[in-house]
Amino acid sequence: MPFMSQTVQSAPMPEKTTAQTKLGLYVTAQEAWAMMQSDDSVLLIDVRDPVEAKFTGFATPTDIHVPFMIADSSEWNVKRESWAMKKNPDFMAELNRRLAEQGATLETKIIVMCRSGSTRSAPVVDLLADQGYQQVWTIVDGFEGTTLKVGDSKGVRAVDGWRNSGLPWSYKVNASVAWKPLR
């Protein structure tokens with residue numbers, strides 16, 4: 001059975017299929033923090049683009065930062081009205097290298113975080129599960145949390161998530177953790 005302390009309750013399975021994982025291990029940002037406080041061997045991995053970390057902040061206890069998707073300023077996504085996001089072609093090689101540097105084994109407890117907890121952290125959990133990792137959680141509310149449903153700031157990610165839950169974060173990124181492309 002996966003590790004969960006007596007005080008940590010597992011978040012329910014997300015309704016969005018893009019946020020569901022093969023392992024079925026889900027935590028909120030607050031639950032992730034509690035896991036990390038009760039077991040210092042837990043690794044926190046941030047899979048957001050470096051630009052996101054620069055402008056929205058970075059969880060200070062992050063152990064590994066490798067973006068799953070990277071903003072491509074040479075291509076525009078008309079539907080999203082923003083720059084296209086493309087898969088990091090070196091993602092698994094870089095992530096595996098960083099996990100090895102941390103001394104991770106297939107039994108290591110890992111928590112994966114993206115912006116909102118679905119289209120990047122969940123697939124990364126599945127990739128790690130495919131490699132044999134057994135204890136990998138996705139943070140269902142991500143770094144920025146969920147969106148406000150009403151008011152002048154409707155649509156802004158200002159509910160729960162790492163940043164909005166009073167957990168340790170900063171606009172400064174630790175250079176030893178920050179992703180730097182191998183190329």
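1. The hairpin. Strand 5 (residues 69-77) and strand 6 (residues 82-87) run antiparallel and are joined by 6 bridges. Two strands count as paired if DSSP finds at least two bridges between them. Helices (H or I, at least four residues) and strands (E, at least two) are DSSP runs, numbered from the N terminus. Trp76 has Trp83 in strand 6 as its bridge partner.

2. Basis of the note. This is a predicted model, in which local features need pLDDT of at least 70 and side-chain atom pairs count only at pLDDT 80 or more, while totals for chains, interfaces and linings use all residues. Residues are numbered from 1 along each chain as its sequence is written, and side-chain values use heavy atoms, with hydrogens and water left out.

3. The turn of the hairpin. Between strand 5 and strand 6 there are 4 residues. Glu81 lies in this loop. The phi of Glu81 is near 55°, a positive value in a residue other than glycine. Glu81 has a relative accessible area of 65% and is therefore exposed; the term exposed means over 50% relative accessible area, buried means under 20%, and partly exposed lies in between (1.4 Å probe, protein chains only).

4. The open sheet. A parallel sheet is formed by 5 strands in the order 1-8-7-2-4, and the sheet is open. Its edges are strand 1 (26-27) and strand 4 (64-65), each of which pairs on one side only. In general, strands of a sheet pair through backbone hydrogen bonds, either parallel or antiparallel.

5. Strand 1 and strand 8. Strand 1 pairs with strand 8 (residues 136-139) over 2 bridges, in the parallel sense. Ile139 in strand 8 is the residue opposite Val27.

6. Strand 2 and its neighbours. Which residues of strand 2 (residues 43-46) lie on each face? Leu43 and Ile45 are on one side, Leu44 and Asp46 on the other, and all are buried, leaving both faces covered. Strand 2 runs parallel to strand 7, and 4 bridges join them. Leu44 has Ile111 of strand 7 as its bridge partner. Strand 2 also pairs with strand 4, again in the parallel sense, over 2 bridges. There, Asp46 is matched with His65 of strand 4 as its bridge partner.

7. Helix 4 and its cover. Of the 10 residues of helix 4, 7 are buried, so that the helix is mostly covered. The buried residues are Ser121, Ala122, Val124, Val125, Asp126, Leu128 and Ala129. They pack against helix 3, strand 7 and strand 8, where contact means heavy atoms within 4.5 Å. After helix 4 comes Gly132, with a positive phi near 110°.

8. Helix 3 against helix 4. How do the axes of helix 3 (residues 91-101) and helix 4 cross? They cross at roughly 70° and come within 12 Å. Axes are lines fitted to C-alpha atoms, for helices over the stretch in contact, and angles run from 0 to 180 degrees between N-to-C directions. The two helices are therefore roughly perpendicular to each other; that term covers 65 to 115 degrees, with angles under 35 degrees counted as roughly parallel, over 145 as roughly antiparallel and the rest as oblique. The crossing of helix 3 and helix 4 is right-handed, which is the name used if the near helix is turned clockwise from the far one by less than a right angle, left-handed being the anticlockwise case.

9. Residues of the helix contact. Helix 3 contributes Phe91, Met92, Leu95 and Leu99, and helix 4 contributes Val124, Leu127 and Leu128. Sorted by type, the contact has 7 nonpolar residues, no polar and no charged. In this sorting, Ala, Val, Leu, Ile, Met, Phe, Trp, Tyr, Cys and Pro are nonpolar, Asp, Glu, Lys and Arg are charged, and the others, Gly among them, are polar.

10. Arg98. This residue is found in helix 3. Arg98 is buried, because its relative accessible area is 9%. Leaving aside residues up to four places away in sequence, Arg98 touches Asp63, Ile64, His65, Val66, Ser176, Val177 and Ala178.

11. Gly161. This residue is found in helix 5 (residues 161-164). Gly161 counts as buried because its relative accessibility is 0%. Residues up to four places away in sequence not counted, Gly161 touches Ala29, Asp141, Gly142, Phe143, Glu144 and Gly145. Gly161 and Ser73 are 88 residues apart along the chain, and their C-alpha atoms are separated by 27 Å.
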